[in-house]
There are 2 protein chains.
Amino acid sequence: MKTMEILKEDGQARAGRLITGHGVVDTPVFMPVGTQGIVKAMTHGQLEELGVQMILSNAYHLYLRPGDELIGKMGGLHRFSGWNGAILTDSGGYQIFSLGVLREIKEDGVLFQSHIDGSRHFLTPEKMIMVQENIGADIAMCLDECVSYPSSFEYTRDSVELTTRWARRCLAARSSERQKLFGIIQGGFYPDLRLRSAGDILALDFDGFAIGGLSVGEPKSLMWDMVDTVIGMMPADKPRYMMGIGMPEDLMEGVRRGIDMFDCIIPTRLARNGTMFTWEGRMNLKNARYTDDEGPIDGTCSCYTCRTFSRAYLRHLLVSHELTSFYLNTIHNVHFYMELMRKIRHAITTGTFDEYYRSFKTLYEGGESDDRCSVCNG
Amino acid sequence: MKTMEILKEDGQARAGRLITGHGVVDTPVFMPVGTQGIVKAMTHGQLEELGVQMILSNAYHLYLRPGDELIGKMGGLHRFSGWNGAILTDSGGYQIFSLGVLREIKEDGVLFQSHIDGSRHFLTPEKMIMVQENIGADIAMCLDECVSYPSSFEYTRDSVELTTRWARRCLAARSSERQKLFGIIQGGFYPDLRLRSAGDILALDFDGFAIGGLSVGEPKSLMWDMVDTVIGMMPADKPRYMMGIGMPEDLMEGVRRGIDMFDCIIPTRLARNGTMFTWEGRMNLKNARYTDDEGPIDGTCSCYTCRTFSRAYLRHLLVSHELTSFYLNTIHNVHFYMELMRKIRHAITTGTFDEYYRSFKTLYEGGESDDRCSVCNG
């Protein structure tokens with residue numbers, strides 16, 4: 001069965017439909033992150049209201065807690081969690097390399113210590129396929145090694161080769177007909193290695209392909225160089241997923257290059273810190289200037305938070321550490337991202353993406369806030 | 001204008017309507033606590049869905065942050081927060097005596113240090129009326145002294161006399177026609193002093209009367225003795241409010257004695273700890289026995305949480321420290337309390353309260369959990 005239908009192309013940008021076991025997902029799509037099987041501070045009902053069709057969960061986290069076997073026994077993550085939309089699970093490569101206390105990479109797999117209780121675990125490519133099948137994700141990702149920035153050419157080269165061998169093992173290990181499996185192009189920040197990884201991974205029979213290992217501390221220009229290096233090689237008829245990205249301006253850049261799928265903790269995490277997205281740029285709700293500001297976060301926004309609450313009240317909830325602040329701010333930021341993706345899809349469909357890209361850049365970068373995200377290079 | 005209409009009496013229990021500047025409130029009523037102008041982990045929309053007609057906020061907290069003057073400038077707490085239901089503000093007596101780092105009681109008022117930033121404040125009865133008028137509460141409470149348990153007879157006697165003098169000053173200081181003002185009966189755990197306080201306070205022209213200073217560590221039987229001591233003296237045509245109470249079984253007991261109004265942090269705070277109310281008693285969601293329990297919190301409950309999620313998933317969210325756990329658990333517990341009050345009002349209206357009281361006691365105490373609340377003696 002086809003994984004992707006392209007409905008319209010506009011330059012390199014593509015609007016289409018991703019076919020999953022839990023519904024059709026309009027692309028380009030941004031997946032809010034529900035690491036532990038829930039998008040932080042959201043309910044499923046709220047996500048549905050916001051038009052979220054697909055979320056990302058982490059196989060690494062769910063393997064550790066509550067355990068993929070329990071989830072399997074409960075009928076899979078959809079049934080366990082009650083979320084009826086599509087789910088993609090990251091295999092845990094990134095988490096093992098960024099969260100694991102101890103980690104030792106061997107040919108067979110990776111040894112690491114749980115960030116929760118320090119227990120030791122050995123995960124192989126085959127095991128991570130089984131974990132994701134237990135979870136019942138609509139789309140599973142191969143176990144890969146995500147190298148840090150900077151890393152030496154030699155280390156990155158060996159890592160690319162290992163990631164390819166693991167990708168072949170993942171493909172051989174899959175047993176689910178229903179679950180899609182994506183390969184991941186790595187290669188750090190060496191164009192030669194990105195090309196080599198793309199050549200190896202794209203030759204394998206995956207349902208879609210991801211570009212991984214980006215936004216790990218490198219300059220933005222270098223990140224886009226890596227995308228530009230491989231995007232032309234990626235097959236037009238399969239989904240292209242840029243992992244862990246990003247800021248609204250990054251989504252625009254990615255779409256312009258032909259990316260179909262994105263995920264990032266940014267809208268939800270920044271919401272909890274009071275950094276709110278508006279159509280003129282980011283704003284920091286903690287700023288004292290909003291103490292008596294009766295206006296909404298964004299005067300053009302139709303979300304529950306903007307329809308109902310003033311900046312002054314939302315700032316009060318934030319500085320008073322009220323839990324409801326997390327909820328209301330997250331609603332707004334996720335709504336902003338969903339709205340952005342709707343506008344992007346509309347622009348592609350109507351052949352006006354380039355115009356929209358330019359107007360967004362002008363307006364959005366004219367905003368008051370240009371603080372960089374503390375969790376990535378955005 | 002009348003503050004209360006009694007629609008039906010059944011024994012000592014009364015069903016009625018409280019007339020406020022923001023709607024009619026069905027009594028007996030339980031007010032969820034929104035200390036800082038928001039019920040923790042709830043949105044206003046959710047509260048409305050749950051049938052909440054009235055919440056309690058704390059003048060002490062709002063005076064400190066964001067400041068009653070700001071709230072006044074923003075048009076009052078209703079306009080500032082967007083909550084359109086009724087609001088009662090506690091004056092802060094209890095908070096000053098339980099949270100204040102330093103507190104020094106003088107004839108004129110009370111000196112204390114903020115629990116937020118250590119700043120020093122001097123609050124008088126007149127000032128607390130002004131604060132509550134700035135906030136625009138539908139019902140304001142007199143500033144009182146809340147004595148701890150145990151306290152000596154002499155200390156309590158002096159405190160009762162001071163509370164009466166403060167009550168007279170509050171009454172003289174009020175300038176709002178729209179805002180109701182309630183007096184508070186104190187007297188610690190000395191029947192003589194309760195009687196004296198009731199005699200003094202009930203002689204004043206308040207719109208309603210509260211019994212304060214209960215649930216401060218005393219045995220439950222002593223608490224009910226104090227209620228029984230004064231309830232018969234309280235006028236039948238004005239609302240009777242038992243402050244800071246309580247557990248579901250306490251609401252039953254209070255209603256049976258003729259109380260109309262209650263507030264307590266219990267349903268919301270216990271929800272965040274995973275203690276859930278069911279019609280068979282309390283349950284602790286952290287308990288490992290729920291790890292793979294596919295049933296809802298309460299099979300007879302119609303709340304969003306019970307309609308949508310299993311105990312197993314809710315337990316996963318709780319032990320994983322997910323923010324959504326707070327929201328979902330709070331929805332259930334507040335729904336339980338609202339449902340309990342609906343059932344109580346229905347029983348009174350149909351003249352079957354005594355029967356309902358007995359069946360509730362049998363069923364509810366038969367539940368699995370009898371852990372006492374860590375924040376009160378419930």
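This is a short talk through a predicted model, starting with a sheet in chain B and ending with the contact between chains.

Okay, hi everyone. Keep in mind throughout that we are looking at a predicted model.

Let's start with the sheet in chain B. What is the order of its strands? Reading across, it goes S4-S14-S13-S12-S11-S10-S6-S5 in chain B, so to speak an open sheet of 8 strands with parallel pairing. At the edges you find S4, residues 29-32, and S5, residues 54-58, of chain B; each has a single partner strand, so one side of each has no neighbour in the sheet. From one strand to the next, the twist averages 25°.

Now zoom in on S12(B), residues 208-211. Quick reminder: in a regular strand the side chains alternate between the two faces of the sheet. Here, Gly208(B) and Ala210(B) point one way, Phe209(B) and Ile211(B) point the other way, and all of them are buried.

Who sits beside S12(B)? One partner is S11(B), residues 180-185, which pairs with S12(B) in the parallel sense over 4 bridges. If you want to find the register on your screen, Phe182(B) has Gly208(B) as its bridge partner, and Ile185(B) has Ile211(B). Another partner is S13(B), residues 240-242, which runs parallel to S12(B) and is joined to it by 3 bridges. In that pairing Ile211(B) stands opposite Met242(B). So to place Ile211(B): it is the bridge partner of Ile185(B), and it also faces Met242(B) in S13(B).

How does the chain get from strand to strand? Going from S11(B) to S12(B), the helix involved is H8(B), residues 191-202, and the three elements make a right-handed β-α-β unit. Going on from S12(B) to S13(B), the helix is H9(B), residues 220-231, and that unit is right-handed as well.

On the way from S12 to H9 in chain B, stop at the loop, where you'll find Ser215(B). Its phi is positive, about 60°, although it is not a glycine. Is Ser215(B) buried or exposed? Buried, because it has 24 other C-beta atoms within 10 Å.

Past S13(B) there is another backbone detail to flag. Ile245(B) and Gly246(B) are joined by a cis peptide bond, with omega about 5°. Gly246(B) lies in the loop between S13 and H10 of chain B.

That brings us to H10(B), residues 248-256. Here 7 of the 9 residues are buried, so the helix is largely enclosed by the rest of the structure. The buried ones are Pro248(B), Asp250(B), Leu251(B), Met252(B), Glu253(B), Gly254(B) and Val255(B). For those of you who like charges, notice that Asp250(B) and Glu253(B) are among them. After H10(B) comes Gly258(B), with a positive phi near 105°.

Further along, in the loop between H13 and H14 of chain B, sits His321(B). This is another residue other than glycine with a positive phi, near 55°. His321(B) is exposed, because it has 9 other C-beta atoms within 10 Å.

Over to chain A for a moment. There is a cis peptide bond between Thr27(A) and Pro28(A), with omega about 0°, and Pro28(A) is in the loop between S3 and S4 of chain A.

Also in chain A, look at how H11(A), residues 266-273, meets H14(A), residues 323-349. Their axes come within 8 Å and cross at roughly 145°, and the crossing is right-handed. H11(A) brings Pro267(A), Thr268(A), Leu270(A), Ala271(A) and Arg272(A), while the residues from H14(A) include Phe326(A), His332(A), Phe336(A) and Tyr337(A). By class, this contact has 7 nonpolar, 5 polar and 1 charged residues.

Last stop, the contact between the chains. How many residues does each chain give? It takes 33 from chain B and 33 from chain A. On the chain B side, H3, H4, H12, H13 and H14 each supply at least two residues. Which helix gives the largest share? That would be H14(B), with 5 residues. Split by class, the chain B side has 16 nonpolar, 11 polar and 6 charged residues.

That's it from me, thanks.

Terms used. Residues numbered from 1 in each chain as written. Chains lettered and ligands numbered in written order. Predicted model: local features only at pLDDT ≥ 70, side-chain atom pairs only at ≥ 80, totals over all residues. Buried ≥ 20, exposed ≤ 12 C-beta atoms within 10 Å, placed from the backbone. Pairing = 2+ DSSP bridges. Right-handed = clockwise from strand over helix to strand, strands pointing away. Axes fitted to C-alpha atoms, helices over the stretch in contact; angles between N-to-C directions. Contact = placed C-beta atoms within 7 Å. Nonpolar A, V, L, I, M, F, W, Y, C, P; charged D, E, K, R; others polar. Left-handed = near helix turned anticlockwise from the far one by under 90°.
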